[in-house]
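Me: Please examine one part of this model closely, namely its principal pocket, and set that pocket in the context of the surrounding fold.

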Amino acid sequence: MYYEIKIFRIEQPSQAATIDKYLKDAFIPAMHKAGIQPVGVFKPVETDADFGKLIYVFIPYKTSDQYFKVADILEKDQAYQQAGKDFLDAPVATPPFTRYESVFLKAFKFMPQMKVYNYTTPPSERIYELRSYESATDAKALNKIHMFNEGGEIAIFEKVGSNAVFYGQVMLGSLKPRLMYLTTYADMKSHDDHWNAFRNHPDWLSLKAKEEYQKNTSATKAFLCHPTDYSDF
């Protein structure tokens, strides 16, 4: 599979409200109609410095062609154009965002399909952690991807019960070379417990000590989010 992560940058609560309405009433229904789902929408947790400043939209594609064709589909979808008018044709004086960017990723071969998990906790308690690993060179980035696949890092996440939604190599977007992945938990305690289990797992301690995998990342960033109440997952 291929994945797009749209990152909206906002400054005002009114912008967030406009984007929420657009995503809920126009964009997500149109993507479903085009056969693209599930679409996830996430916002930084309250303790994050970016709380109220970012909105993440996750869009899965079965093929890369589907990604490139969707713009034409939306352009011809009159119901989408009408439902999304307040966002798509907002006044210049009150734009619905500062800017947005898209990151396009290719799924890792050891997890070629995304997964969705069900929880009984409310969306406001669920945690989605998006991680970004940058590398100094293309070779080091491929080495880190090898560490996830053949090296067994994905297998360790599975052993400790962390719920991975996807792992992907960034093909188009900023801060290349890098990879990104998304894990999810019922609540913050579950998040902390699973990460402690991962960090202390003997397989991880052995894997990270291997000479062949040293210095394959130069920057690691973690973004903790809650799903919106209209997110597909």
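Reply: The account below begins with the pocket and then turns to the sheet, the helices and two individual residues.

This is a predicted model, in which local features need pLDDT of at least 70 and side-chain atom pairs count only at pLDDT 80 or more, while totals for chains, interfaces and linings use all residues. Residues are numbered from 1 along each chain as its sequence is written, and side-chain values use heavy atoms, with hydrogens and water left out.

The largest pocket has a volume of about 340 Å³. A pocket here is an open set of points on a 1 Å grid over the protein atoms alone, where a 1.4 Å probe fits, with protein on both sides within 12 Å along at least five of seven lines; lining residues have an atom within 4 Å of a point. Grid points are joined across faces, edges and corners, and the volume is the space filled by probe spheres set on them. Its lining comprises 18 residues, and Lys6, Phe27, Leu74, Tyr80 and Tyr100 lie nearest the centre. By class, 14 are nonpolar, one is polar and three are charged (nonpolar: Ala, Val, Leu, Ile, Met, Phe, Trp, Tyr, Cys and Pro; charged: Asp, Glu, Lys and Arg; polar: the others, Gly among them).

At least two lining residues come from each of strand E1 (2-9), helix H1 (13-33), strand E3 (54-61), helix H2 (64-76), helix H3 (78-83) and helix H4 (85-88). Helices (H or I, at least four residues) and strands (E, at least two) are DSSP runs, numbered from the N terminus. H2 gives the most, with five residues.

Eight strands close into a barrel with antiparallel pairing, in the order E1-E3-E2-E8-E5-E7-E6-E4; two strands pair if DSSP finds at least two bridges between them. The twist averages 35° from one strand to the next. H2 packs on this sheet, touching E1, E3, E4 and strand E6 (163-172), and its direction makes about 120° with that of E3. Contact means heavy atoms within 4.5 Å; axes are lines fitted to C-alpha atoms, for helices over the stretch in contact, and angles run from 0 to 180 degrees between N-to-C directions.

Within H2 lies Gln66, which is buried at a relative accessible area of 18% (buried: under 20%, with a 1.4 Å probe and protein chains only). Gln66 touches Ala34, Gly35, Ile36 and Tyr61, not counting residues up to four places away in sequence. Met114, in the loop between strand E4 (99-107) and strand E5 (127-134), is likewise buried, with a relative accessible area of 12%.

Technical notes: Buried means under 20% relative accessible area, exposed over 50%, partly exposed in between (1.4 Å probe, protein chains only).
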